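User: Please take a close look at one loop position in this structure, and then relate it to other parts of the chain. I am new to this structure and would value a connected account.

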Amino acid sequence: MTDKTETDFEVIVIGAGVAGIYQIKRLVDLGVSATVLEAAPDLGGTWYNNRYPGARFDSESYTYGYSFSKEVLAEWNWREMFSPQPDNLEYLNFVADKFSLRDHMQFNCRVDAAVFDESANIWRLTVNDGRTLTCSFVVMALGLLSMPTYPKIEGRADFKGQSFHTFDWPHDPPDLSDKRVAIIGTGATAIQVIGEIADKVGDLTVFQRRPNWSAPLNNSKITDSDMARIRARYDEIFETCARTPGGFEHEPDRRGFHEVSREERLSLWDRLYDEPGFGIWLQNFREIFTDDDANAEISDYIADRIRQRVHDPETAETLIPKDHGFGVQRVPLETNYFEAYNRDNVHLVDISKTPLECVTETGLRTTEQDYAFDVIVYATGFDAITGAYDHVDIQGVGGERLRDKWREGPSTFLGVFIHGFPNLLMPNGPQSGSASTNYPRGIEVGVDWVTDFLEHAWANGITRAEATEPAEARWTQHVTDMYSRMLMRKAKSWFTGYNSNVEGHEEGSIRYFVYNGGMPKYVSVINEVAANGYEGLTLSGPGAPGDPSGGAGDRRSAG
Ligand code: NAP
């Protein structure tokens, strides 16, 4: 093993969202030569892009914020239980500015390719501005839901009105009052938009292919005195989040579903339905995720709540999912969603019965009729989890392309390392603990673990770190096996890699995207790997055990 090759940076972080911001903070604190490359014109990731009306957290705001800084916790005031997008973006800017993190970020820098140079153990990144930047380690802080997808439908470019994906909602928001608006999709995003704009637009037509289960958000304001109480509880809040499978304050009801009476189950559900946030999903009996009978009963309960809220029985039935049970995919939380359909200016078109044929110059055509619109909103989801990776030409050992390796679905070790792609780390990667949890709680775990690993590498003169093939195979099998116990495996959703708009992701193939064992288990597994000297990784370099060249080195000042 040769000595270290000079690089532009020791670490390059790709993405300035929630993960990238915290990752650069950790690296700056260590005095490491590092930069963040971000394709967008500014930081914030999902909260920079998703500016659609109604965009807000589905996590209680104070459980979503970073926990790493006592000062941030002391200084930042959340204004709503489920904070809206403008506040969330302001918060991320507040954190970044407080620690001068912008100095270490480069915007409008899309990484088009990342190629591992085996002779020097460095990565060469090609940026859209023409530069090639080198680094020893790449940290992929890519968004899980950052590649919006549009329907594969003729005529999109022909529409003469305004149209956009919710992810690209114009920064100068269009005035929708008196407009005829179409929205395609009824996922979590559409459900937020529809509830928000129904009473603010001229006319709203929702094109629904499959309904989604959803439940009330029950949002409220946070007053100064509420905030003082929250602040006093921060330690307890984060301890609880670290203990629960989903990284929320919501703890599962550990009584056996079949051991309590139906009356007790109903009384629990009556209470949870009216409480804020994911209680109805995550404070429920654990069997609703694994047992068909338990799931059918809670699904019937939620269906009845929909029937109570939607006046027209036919519309109510159209809004009740029949192909999957409640909670087997992430539950969208709504405000006035079902009530929107009681309005005269809101119409529901069931495109499972009358499919969309094309976009026309004036609107949308189904197999049944033409509809005229001023604005078409595509709330049609994302090429989730691996989409952002597929958009970078990542080449590892022997020129192997990551997008080829992951063609049928990702395989990783711990969701952090990939065999054949040394020195590339993912604090929130596919098959890691963060996708299926309260996202920042998972991110802090991932970033801290990745940073600890890098410190270990620098302290021990390790210049090349790669997952072994057997370790990756074992982890991927473990992630796969966990799906077999979950009803989630039956759902056509982004958790199983389904997206009708992305080639290869259509019905039929399942992708094992997320670790379903819950955060506490994930944390104990990754900590054990570290405690055992990072077993499962092949480590080499001047100071690595067994490396003939010997001698540890400190690489932090590189760049
Ligand atoms: P999504 O859940 O994938 O929903 C996409 C919607 O578009 C579905 O209703 C889908 O119908 C429909 N669709 C897609 N292609 C279509 C086509 N060709 N023709 C007709 N309909 C089509 O995407 P999303 O709503 O953006 O939500 C994704 C995830 O983002 C959520 O699960 C959540 O994790 C996250 N999110 C979080 C929040 C929050 O509160 N913090 C808010 C929004 C989103 P099918 O079901 O039939 O495919």
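Analyst: Ser100 is located in the loop that runs between helix H5 (85-98) and strand S3 (105-106). The model is a predicted one, and the values below are computed from it. The backbone of Ser100 has a phi near 50°, which is a positive value in a residue other than glycine. How exposed is Ser100? Its relative accessible area is 37%, and because buried requires a value under 20% and exposed a value over 50%, Ser100 counts as partly exposed.

A second loop offers a comparison in backbone and setting. Ile385 sits between strand S16 (375-378) and helix H14 (387-390). Its phi is positive as well, at about 65°, although Ile385 is not a glycine. The surroundings of the two positions can be set side by side: Ser100 is partly exposed, whereas Ile385, with 1% relative accessibility, is buried.

Strand S16, which precedes the loop of Ile385, also contains Ile376. Ile376 has a relative accessibility of 0%, so this residue counts as buried. Beyond its neighbours in sequence, Ile376 touches Phe159, Gln162, Ser163, Phe164, Ala182, Ile184, Val359, Gly363 and Leu364. One of these partners, Phe159, is 217 residues away along the chain, and the two C-alpha atoms are separated by 8.8 Å.

After strand S16 comes the loop leading to helix H14, and from Ala379 a backbone N or O atom lies 3.2 Å from an oxygen atom of the ligand. Two further polar approaches to ligand oxygen atoms can be described. A polar side-chain atom of Trp494 is 2.7 Å from one, and a polar backbone atom of Gly187 is 3.3 Å from one. On its own the ligand would expose 920 Å², of which the protein buries 86%.

How many residues surround the ligand? The shell consists of 25 residues, and the closest are Thr186, Thr189, Arg209, Trp494 and Asn501. Sorted by class, eleven of the shell residues are nonpolar, nine are polar and five are charged. Helix H6 (residues 188-197) supplies the largest share of the shell, with three residues.

Thr186 and Gly187 also take part in the surroundings of Asn212. Asn212 occupies the loop between strand S9 (203-208) and strand S10 (215-216). With a relative accessibility of 14%, Asn212 counts as buried, because the cut-off for that class is under 20%. Its side chain reaches the backbone oxygen of Thr186 at 3.2 Å. The side chain of Asn212 is also joined to that of Gln329 by a polar contact of 3.1 Å. Contacts of Asn212 away from its own stretch of sequence are with Thr186, Gly187, Ile191, Leu319, Pro321, His324, Gln329 and Pro332.

A helix provides another view of how the chain is arranged. In helix H8 (residues 234-243), the buried residues are Tyr234, Ile237, Phe238, Thr240 and Cys241. These residues line one face of the helix, because they fall within an arc of 155° when H8 is seen down its axis. An α-helix has 3.6 residues a turn, so residues three or four places apart point the same way. The face of H8 turned away from the buried side bears the exposed residues Asp235, Glu239 and Ala242. The buried residues of H8 pack against four helices, namely H3 (61-64), H4 (70-75), H7 (224-232) and H16 (439-459).

Helix H16, one of those partners, spans positions that are also touched by Arg26. Arg26 belongs to helix H1 (residues 18-29), and its relative accessible area of 17% makes it buried. Its contacts beyond the local sequence are Val447, Asp448, Thr451, Asp452 and Glu455. Arg26 and Thr451 are 425 residues apart in sequence, yet 7.1 Å separates their C-alpha atoms.

One more loop completes the account. Gln283 is placed between helix H10 (279-282) and helix H11 (292-309). The side chains of Gln283 and His250 are joined by a polar contact of 2.5 Å. Apart from residues up to four places away in sequence, Gln283 touches His250, Glu251, Pro252, Asp253, Leu268, Leu272, Glu275 and Phe278.

Definitions and conventions: Residues numbered from 1 in each chain as written. Predicted model: local features only at pLDDT ≥ 70, side-chain atom pairs only at ≥ 80, totals over all residues. Heavy atoms only, no water. Buried < 20%, exposed > 50% of the residue type's maximum accessible area, 1.4 Å probe, protein only. Helix = DSSP H or I, 4+ residues; strand = E, 2+ residues; numbered from the N terminus. Arc of directions from axis to C-beta. Contact = heavy atoms within 4.5 Å. Near = heavy atom within 4 Å. Polar contact = N/O pair within 3.5 Å; in protein donor to acceptor, adjacent residues only side chain to side chain. Areas by Shrake-Rupley, 256 points an atom, 1.4 Å probe, with all protein chains shown as cover. Nonpolar A, V, L, I, M, F, W, Y, C, P; charged D, E, K, R; others polar.
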